[in-house]
Each structure stands twice: as structure tokens, then as C-alpha cells.
Amino acid sequence: MSKQMSKYKKQGIIIILVTNAILISLLEFFVFIPLPIPGVKLGLANIITLLAIIFLSFRSVINIVLIRCIVVAVLTRGVLTLAFSLSGGILSAIVMWVMYKKFSHMFSIKGISIAGAVVHNTTQIFVASLVIGQIVIFYYLPVLLVAAVVTGYITGSIAEMVIDEMEEKGVLANG
Amino acid sequence: MKWKKKGSWPMDSGVKLFVAFVLGVIPFFIDNYFNFIVLACYLLLITLWFGAKLREMMKSMTIYMFIIIIPYIFGLLMASLVSTFVQNDISSIYSAYDDVALRLVQLFLLWYATSLYFHSTATEDVVATFDKVLSPLKRVGLPVTDFLKVVMCVIKELKALGPGVKKSFSESMKHISEQSSWKDKIKGISYILVSFIVNSFERLDEVEEYVKQVETKDLFTYKCKISKSDALLLMSFIMLIGSVIFLEIHSL
């Protein structure tokens with residue numbers, strides 16, 4: 001995000017992106033992914049994180065993830081899950097940001113999205129094992145990794161379409 | 001959940017947060033099993049007192065199941081399966097049952113106490129209380145109020161746009177649902193999302209103007225007001241703490 005951009009415009013962009021991230025998660029209720037794994041979601045909100053990585057600064061990306069996790073925790077009253085969503089969300093955002101900014105010649109948006117989903121699920125399992133103090137929980141990791149590849153590919157494909165459209169229409173072009 | 005329009009038990013959100021926090025933390029410091037029963041009874045009692053809906057609270061419990069319980073049970077099953085093939089001794093895993101059960105109960109009580117707070121307090125009050133609680137961070141230069149202002153703006157946006165967007169999504173999905181494969185559904189979702197996200201930026205000027213105009217005090221303000229209900233809650237809470245300490249000392 002450029003330094004010239006006003007504080008209010010930055011906040012406006014963040015508000016729109018976080019609102020979008022939460023609203024598009026509603027679409028997940030309408031579609032079943034072809035993996036019957038309990039608790040696995042498409043993670044459509046990841047599309048917004050990817051958009052933020054491409055168009056905005058690192059600080060804005062972290063702010064978006066942070067605000068999204070807090071708002072979801074407050075609205076769904078699932079405060080205990082905040083530890084899981086924050087750790088997974090922030091770590092995956094950092095990994096995706098590094099991959100896009102430093103190794104974009106090696107990875108496509110789909111690849112970056114898959115990596116983000118893998119990091120997100122791995123972090124969640126790691127935090128769960130820390131919380132209950134049992135490493136046996138890691139047996140679930142391969143299942144989640146397969147799910148991450150599928151969901152990451154899907155969200156990455158959608159993100160690519162959104163990015164193309166945004167670039168074409170010049171949305172956030174001054175970012 | 002909001003109070004029923006300043007209903008019969010309006011309470012200070014700061015007092016409630018303090019009580020909920022301590023109730024959530026206590027389970028990690030007690031050993032006497034009877035204390036867990038006392039604590040559970042007290043939590044049930046204040047659930048009724050706060051007017052929180054138990055069913056709604058239990059719904060938010062499902063995520064706890066998906067994140068912790070299911071992976072743990074799956075892990076146990078896999079460990080048993082692996083041990084039959086490689087003749088490993090998994091007695092250490094099974095001997096940890098008691099510890100894991102205790103940890104799950106502690107986590108459940110922590111989750112319950114914090115959920116109780118959120119289910120019985122208006123969002124504006126929750127944000128205002130956090131602004132107050134996090135004020136030490138303001139002194140080190142962190143823009144806590146600005147951050148919470150954005151949080152509150154997002155919540156307002158969601159409340160304003162949520163029902164309309166949900167309706168429009170379900171109408172758009174009706175056309176897609178007629179097609180059979182999930183691939184078509186994904187494709188359909190992609191088209192919906194692309195236009196939704198791109199079009200949402202048409203409101204940027206409007207949102208920017210709103211953020212510029214709105215004062216923080218219009219979104220959230222915390223003023224400590226100790227009512228009779230708060231005094232009653234604090235008294236019952238002190239009695240509970242006293243009983244818990246008494247039981248702990250006498251169980252040693």
C-alpha cells in the first residue's frame with residue numbers, strides 16, 4: 001500500500017476485504033468438497049489473504065488476518081478457537097507472502113495457495129497437540145495435508161480468476 | 001446475545017469479563033474432582049442468570065470437536081493400528097488417558113466460561129471492554145483503539161450486508177445446484193466470487209467516508225457501572241472461590 005494513501009483509505013480497504021472474507025465463507029455451506037473429512041472446509045477466506053498479499057503491504061496482510069480471526073471469534077463466540085485460527089492464519093499468510101514476494105518466479109498462485117493451506121492445517125494440528133499434550137494427534141496430519149492440497153488448489157484457482165479481473169478493472173491498482 | 005432491551009439483569013461487561021476469565025482459568029489450578037462438579041454447577045447457574053442460550057453455546061462447541069476431539073480419536077485408532085503391525089508398545093499412550101481426559105475437561109470449562117461471556121454480552125460492550133483491558137498496550141504506542149474501530153466497522157458492515165448477501169448467494173446457488181457435479185459448483189462459485197469481490201470495491205469511497213466521519217465513542221465506549229446484579233454476582237463468585245479453596249485445602 002503506498003505511503004501516500006490516506007489512513008482512512010487503508011482502513012476502508014481493510015474493512016472491505018475482511019467483510020468479504022467473512023461473507024464469502026457463507027458460500028461454503030452450499031457446496032460439499034469431494035473429501036468427506038470432518039472439519040475440513042474449502043477456506044474461501046484464503047482468497048482474500050492472497051489478494052491482500054498481491055495488492056497490499058505485509059502489515060496490511062497481517063492486519064486483515066488478525067481482524068478477520070477476531071471478528072469471527074467474537075461473532076461466533078468461539079474464543080477458544082482463536083488460538084487455532086490466529087496461529088494458522090498468520091503463519092500461512094507469512095509463508096504465502098514470502099513465496100509470492102521472493103519466489104514468485106517458481107510458484108503459481110495455485111501453488112502458493114496450496115502451501116498456505118498446508119501450513120495452516122499443520123499449524124492447527126501442532127497447536128492442538130500442544131493444547132492436549134499428545135503427539136498421537138499428528139496421525140491426523142496426512143489426512144489434513146491431502147485435504148489442504150485439494151482445498152488450496154480450488155481456492156488458488158478462484159483467486160487467480162479474481163486477480164485477473166481486478167487487474168483488468170484496475171481495482172487496487174494504486175495499492 | 002444482547003440483553004433483552006436492558007432486561008432484568010443488565011450487568012457491567014468488565015465485571016462479567018473478570019468473572020468469566022477467572023472461572024475459565026480456575027480448572028487449571030484445581031485437583032479435587034469435587035471442585036470440578038462445584039464449578040460446573042456454578043457455571044450452569046450463571047448461564048441461566050446471564051440469560052445465555054445453552055443450545056446456541058453448544059453449537060459453537062462443534063468446532064472444538066473438529067479441531068481437538070476427532071483428530072485425537074483418529075490418532076488413537078491409528079496408533080493402535082500401527083502397533084498391531086510393528087509390535088510397538090503403546091501402553092504409554094493409553095496410560096495418558098487420565099491426563100488427556102482431565103485436559104479436555106479443563107479446556108471445556110475454559111471454553112464454556114469464555115463462551116458464556118460472549119453469549120451474554122452485546123458486541124459493542126465486548127469491544128469497549130477490550131479497549132479498556134488492552135489500554136496498557138496503548139501506552140507502548142500500539143494503535144489499539146484504531147484497530148478496534150476497524151473491528152467494529154467490519155461488524156457493522158457484516159450486520160448491514162450479511163442478510164442481503166446471504167440471500168443473493170443462496171439465489172445464485174439455486175441455479176448452480178441444478179447442475180450435478182461439484183466441479184460445476186466450484187466453477188459457479190468462482191463466477192459469483194469474482195463479481196462479488198470486484199464489485200465490493202465500488203463502495204470504497206463510501207466506507208472511507210464513514211471511517212473518517214465516525215467517532216470511536218459512537219461505536220463503543222466503556223463506562224464502569226456496578227449495579228446490584230454485579231454486586232450479587234461478585235458476592236456469589238467470592239463464595240465460590242472460597243468453597244473451591246476450602247475443598248482444595250481439605251483434599252490435601
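This is a walk through a two-chain contact and the salt bridges in and around it.

The model is predicted, so please keep its filters in mind: local features need pLDDT of at least 70, side-chain atom pairs count only at pLDDT 80 or more, and totals for chains, interfaces and linings use all residues. Residues are numbered from 1 along each chain as its sequence is written, chains are lettered from A and ligands numbered from 1 in the order in which they are written, and side-chain values use heavy atoms, with hydrogens and water left out.

Let us start where the chains meet. Chain B brings 66 residues to the contact and chain A brings 64 residues, where contact means heavy atoms within 4.5 Å. Together the two chains bury about 6100 Å², and 84% of that is on carbon and sulfur atoms. Buried area here is the accessible area (1.4 Å probe) that two parts lose on being put together, summed over both. If you would like residues to click on, try B:F147, B:L158 and B:F201: they supply 10% of the area that chain B buries against chain A, more than any other three residues.

Polar links across this contact can be counted too. Between chain B and chain A there are three residue pairs in polar contact, with both residues at pLDDT 80 or more. A polar contact is a pair of N or O atoms within 3.5 Å; within protein, one must be able to donate a hydrogen and the other to accept it, and residues adjacent in sequence count only if both atoms are side-chain atoms. On the side of chain B that touches chain A, the elements giving two or more residues are α4 (62-86), α6 (97-119), α9 (144-177), α10 (182-200) and α11 (204-213). These helices are DSSP runs (H or I, at least four residues; strands are E, at least two), numbered from the N terminus. Of the elements on this side, α9(B) gives the most, with 16 residues. By class, this side of chain B has 47 nonpolar, 11 polar and eight charged residues. Here Ala, Val, Leu, Ile, Met, Phe, Trp, Tyr, Cys and Pro count as nonpolar, Asp, Glu, Lys and Arg as charged, and the others, Gly among them, as polar.

Now for the charged pairs. Side chains of opposite charge can pair when their charged atoms come close. A salt bridge is a side-chain nitrogen of Lys or Arg within 4 Å of a carboxyl oxygen of Asp or Glu, and the whole structure has six over all chains. One salt bridge is counted between chain B and chain A. B:D146 and A:K7 form a salt bridge, with their closest N and O atoms 3.2 Å apart. This pair runs from helix α9 of chain B to helix α1 (residues 7-24) of chain A. B:D146 is partly exposed at 28% relative accessibility, and A:K7 is partly exposed at 43%; buried means under 20% relative accessible area, exposed over 50%, and partly exposed in between (1.4 Å probe, protein chains only).

Helix α9 of chain B also holds B:E157, whose partner B:R203 sits in the loop between α10 and α11, 46 residues apart. Their closest N and O atoms are 2.8 Å apart. B:E157 is buried at 13%, whereas B:R203 is partly exposed at 22%. Salt bridges with shared partners join B:E157, B:R203 and B:E206 into one network.
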